[in-house]
Amino acid sequence: MSDVRFLLTGDTSISVEFGNEINIEINAKIRAFNIALEQSGIPGIVETVPTYRSLMVHYDPGVILYDDLVKAMKGLLGSLDKIQIPPSSVLEVPVLYGGEAGPDLDFVAEHAGKTAEEVIKIHTSTEYLIYMLGFTPGFTYLGGMDESIATPRLKQPRVKIPAGSVGIAGSQTGVYPIDSPGGWQLIGQTPVRMYDPNRAEPILPKAGEYIKFYPITKAEFDEIAAQEAAGTYTYKRHPRGEATT
Amino acid sequence: MSVTVLNPGLLTTVQDMGRVGYQQFGVSVSGVMDPRAASIANILVGNEEGEAVLECTMMGPQLRFDVPNCIAITGGDLGPTLDGAPIPNYAAVSVQAGQVLRFTAPKTGCRCFIAFAGGLDIPVVMGSRSTYLKAKIGGLEGRKLQKDDVIGFRDPKTQLKNMNDRNLYPEFVPRAVYTVRVVMGPQDDAFTQKGIQTFLKETYTVTPEFDRMGCRLEGAVIEHIQSGDIISDGIAFGAIQVPSSGQPIIMLADRQTTGGYTKIANVITADFRILGQLKGGDKVRFEKVSIAHAQDALLTQRAALRLLRKSVDR
């Protein structure tokens, strides 16, 4: 762990940097360190923010000063291997593919030289690691999409993309958590609210867990959407490595 | 038990100390642009420091009080008047029912903060009353104030004890060039020696591209070793982002939680009170300090606030 760097990000936060690239090993170290920090009881930690390369640790210098916090965190690094890391969970996200919900599905299929059904099969066959969230509330940076369905962004971004839209941009895939402009190729839409400020758990996806998409029909979409509106929908999660529901 | 908005002003929003704990989910912190000024306003009217206030930008609002309450206005001097008569900044003022608070024109700074004794009746969303304009949450339906809005008081006070002591000298002093202290990092190693020297020696001008998310500066190009792009990491309040153009951007209250540009340095918390008051055309230079210096300055500021609290609430 000698390659870990403690970078100054002002006087109330520190960026603990584990590497300078996007890969699963770095992500696993960041997750382990975040858990270790949480369990450590080091006083004065306000919140932590995992990113591709680092864990940003916000703290209150009225409780712990920079030098003391760095010393305490260096102490944690030595025992990182001994931390019990719970298995990642998999968030299951139902998607209505194609049609009005996914107006670019046919283009993506054509670009990949496959049928729409094949694109759906590939898109739903992977568990995507959530490296981090950012950009807007609940926007996930996912890794692991099959390169065979990678598609360039739209040349002309759409002015408004409805919340829940599932898209592809280059070799990235993801869900738009709120209505926003954007240039992703839209292949479907989920009725599940990734973000709802008035819910006890305002944002569903967490950094370090996985997302798995599964196809649903229009009737199922409408049913889940109605349950979401009524607040009765139960979100589906399972520990990684166990069978999906 | 409320004020009615007769005119919303340019950009008036409800803000407290921000939405803490949700950055890991991509939720911006938001909150006041000048936390120290807002804290002082709250202390002057007997509130907790983190109570929600109205943050007003350049052209302040017109507010009619439907019940009496005590208020304090801090930050920049936007020319507050009560029924047409000027009232002091940085002082608790008691307002009668029917009176109208107006702002004539900005005299110093860019933003002022109005604290209302007993706090505002605004729902808490994800732990905060702060307005987060981009995600449309917090404050009044996640937006800036508009005409005919009615903002309730939770526990208005017609009088406060020690009224004559509830004032202090306005803190914000306009300067020809503002010196803003910074600690270097997290990506200062992405710049050439010359780039770092440019950053610390040259004077930068605040451009009109200045909102609650960030403040774009213009001046000598800050030279990168390779490029201004990085694999995304976290962004703190006051981070000075330098994209490949070499022109710095100071990241502020509504900043995105993560970003992919090099950050050469970070403004120290004790100097956020300058950032919140900058406006287009202002000149800024940066002074490098140590982390120990920065944290000393912050703790000294906090101690002063505790002293103020003691003297007015004794």
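Two residues are in contact, for the purposes of this talk, if their C-beta atoms, placed from the backbone, lie within 7 Å. The model before you is a predicted one, and I shall begin with the place where its chains A and B touch.

By that criterion, 38 residues of chain A are in contact with 34 residues of chain B. On the side of chain A, the elements that give two or more residues are S1, S2, strand S3 (45-50), strand S4 (54-59) and strand S6 (128-133). Of these, S3(A) gives the most, with 5 residues. As to the chemical character of this side of chain A, 21 of its residues are nonpolar, 13 are polar and 4 are charged.

Two of the strands just named, S1 and S2 of chain A, deserve a closer look. Strand S1 covers residues 5-8 and strand S2 covers residues 13-17; the two run antiparallel and are joined by 4 bridges. One of the pairings places Arg5(A) opposite Glu17(A), its bridge partner in S2(A). Together the strands form a hairpin, with 4 residues between them. Within the turn, Gly10(A) has a positive phi of about 85°.

I turn now to the domains of chain A. The assignment gives domain 1 as residues 5-82 and domain 2 as residues 89-239. Taken over C-alpha atoms, the centres of these two domains are separated by 30 Å. Their contact takes 7 residues from domain 1 and 6 residues from domain 2. On the domain 1 side, the largest share comes from helix H1 (residues 24-40) of chain A, which supplies 3 residues. That side of domain 1 has 4 nonpolar, 2 polar and 1 charged residues.

Finally, let us consider chain B and its own helix H1, which spans residues 35-44. Is this helix mostly covered or mostly open? It is mostly covered: 10 of its 10 residues are buried. The buried residues run from Pro35(B) and Arg36(B) at one end to Ile43(B) and Leu44(B) at the other, and include Ser39(B) and Asn42(B).

Against which elements do the buried residues of H1(B) pack? The strands concerned are S3 (53-57), S5 (69-77), S8 (92-95) and S10 (108-116) of chain B. Two helices of chain B also take part, namely H3 (272-275) and H4 (291-313). After H1(B) comes Gly46(B), whose phi is positive, near 80°.

To close, I return to the two glycines: Gly10(A) lies in the hairpin turn of chain A, and Gly46(B) follows helix H1 of chain B.

How values were computed:
Residues numbered from 1 in each chain as written. Chains lettered and ligands numbered in written order. Predicted model: local features only at pLDDT ≥ 70, side-chain atom pairs only at ≥ 80, totals over all residues. Buried ≥ 20, exposed ≤ 12 C-beta atoms within 10 Å, placed from the backbone. Pairing = 2+ DSSP bridges. Nonpolar A, V, L, I, M, F, W, Y, C, P; charged D, E, K, R; others polar. Domains from an automatic or database assignment.
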